[in-house]
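Visitor: Hey, have you got a few minutes to walk me through a model? I'd like to poke around and ask things as they come up.

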Amino acid sequence: MAVRTDTRPAALALAGDIVCVLVFCALGRRSHAEGLTLAGIAETAWPFLSGTALGWLVSRGWRAPTAIAPTGVIVWISTVVVGMLLRKASSQGVAVSFIIVASLVTALLLLGWRGVAALIRKRG
């Protein structure tokens with residue numbers, strides 16, 4: 001008999017990470033007076049979403065999807081590093097100031113929701 005596992009927590013966590021990356025990209029586009037079109041956000045987001053996906057694979061995020069470490073930290077670092085490498089490879093901007101801001105904002109978003117989830121679990 002096969003053991004059935006509940007995949008909802010991992011699916012929700014992955015969706016949460018995707019939303020965080022999309023929010024980061026939308027905020028960045030808005031702060032630079034770029035259009036908030038679906039195509040524009042997709043163009044900005046694809047390098048970072050690729051990094052997020054790789055981070056989920058490397059960390060095996062489905063095993064501990066809401067853990068700050070290792071899952072959250074690996075997903076965050078992968079999102080930034082792979083995102084910047086793909087931006088560079090596709091001739092998009094990778095100024096030092098952008099790397100710093102992207103690192104800080106994605107850390108706040110990707111690690112922040114996991115921290116809130118941990119606090120809620122402790123209280124419950």
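Visitor: Let's start with a residue I've clicked on: where is Arg 30 found?

Guide: Arg 30 is found in helix α1, which covers residues 8-31. Keep in mind as we go that this is a predicted model.

Visitor: Is Arg 30 buried or exposed?

Guide: Arg 30 counts as exposed, because its relative accessibility is 63%.

Visitor: How far is Arg 30 from Leu 111 in sequence and in space?

Guide: In sequence, Arg 30 and Leu 111 are 81 residues apart, and their C-alpha atoms are 23 Å apart in space.

Visitor: OK, zooming out. How many helices and strands are there in the chain?

Guide: The chain has four helices and zero strands. Reading from the N terminus, that gives α-α-α-α.

Visitor: And why call the chain as compact as a globular protein of that length?

Guide: Its radius of gyration is 15 Å and the globule rule gives 14 Å for 124 residues, which is close, so the chain is as compact as a globular protein of that length.

Visitor: What does the C-alpha trace span along its principal axes?

Guide: About 50 × 35 × 25 Å.

Visitor: What share of the residues count as buried?

Guide: Of the 124 residues, 34% count as buried. As for accessible surface, the chain comes to about 7,800 Å², and carbon and sulfur atoms own 71% of that.

Visitor: What about contacts between residues 24 or more positions apart?

Guide: If you take the contacts with a separation of 6 or more, residues 24 or more positions apart account for 67% of them.

Visitor: Switching to charges: how many positive and negative side chains does the chain have?

Guide: There are 12 positive and 4 negative side chains, and the centres of those two sets lie 10 Å apart.

Visitor: Now helix α3. Where does Ser 78 sit, and what does Ser 78 touch?

Guide: Ser 78 lies in α3, which is residues 68-89. Skipping residues up to four places away in sequence, Ser 78 touches Gly 51, Leu 54, Gly 55 and Gly 83. Ser 78 is buried, because its relative accessible area is 10% and the cut-off for buried is under 20%.

Visitor: And Thr 79, buried or exposed?

Guide: Thr 79 is in helix α3 too, and at 0% relative accessibility Thr 79 counts as buried.

Visitor: What is Thr 79 in contact with?

Guide: Leaving out neighbours within four places in sequence, Thr 79 is in contact with Val 21, Phe 48, Gly 51, Thr 52 and Leu 110. Arg 63 is a different story: Thr 79 and Arg 63 are 16 residues apart in sequence, with 19 Å from C-alpha to C-alpha.

Visitor: Cysteines next. How many disulfides does the count come to?

Guide: The count comes to zero disulfides. Cys 20 is in none, and the nearest cysteine sulfur to Cys 20, in Cys 25, is 11 Å away.

Visitor: Why is there no bond for Cys 25?

Guide: Because the closest cysteine sulfur to that of Cys 25 is the one in Cys 20, and 11 Å is too far for a bond. A disulfide needs the two sulfur atoms within 2.5 Å.

Visitor: Are those two cysteines buried or exposed?

Guide: Cys 20 is buried, at a relative accessible area of 12%. Cys 25 counts as buried as well, at 1% relative accessibility.

Visitor: Backbone oddities, then. Which residues does a cis peptide bond join?

Guide: Ala 69 and Pro 70, with omega at about 5°. Pro 70 has its place in helix α3. Most peptide bonds are trans, and most residues other than glycine have a negative phi.

Visitor: On phi: what is the value for Arg 60, and where is Arg 60?

Guide: Arg 60 is not a glycine, yet has a positive phi of about 55°. Its place is in the loop between α2 (38-59) and α3. At 41% relative accessibility, Arg 60 counts as partly exposed.

Visitor: Last one: what about phi at Ser 91?

Guide: Ser 91 has a positive phi of about 60°, and Ser 91 isn't a glycine either. You'll find Ser 91 in the loop between α3 and α4 (96-123), and at 70% relative accessibility Ser 91 counts as exposed.

Notes: Residues numbered from 1 in each chain as written. Predicted model: local features only at pLDDT ≥ 70, side-chain atom pairs only at ≥ 80, totals over all residues. Heavy atoms only, no water. Helix = DSSP H or I, 4+ residues; strand = E, 2+ residues; numbered from the N terminus. Rg over C-alpha atoms; globule rule 2.2 N^0.38 Å. Buried < 20%, exposed > 50% of the residue type's maximum accessible area, 1.4 Å probe, protein only. Contact = heavy atoms within 4.5 Å. Areas by Shrake-Rupley, 256 points an atom, 1.4 Å probe, with all protein chains shown as cover. Lys, Arg positive; Asp, Glu negative; His and termini not counted. Charge placed at Lys NZ, Arg CZ, Asp CG, Glu CD.
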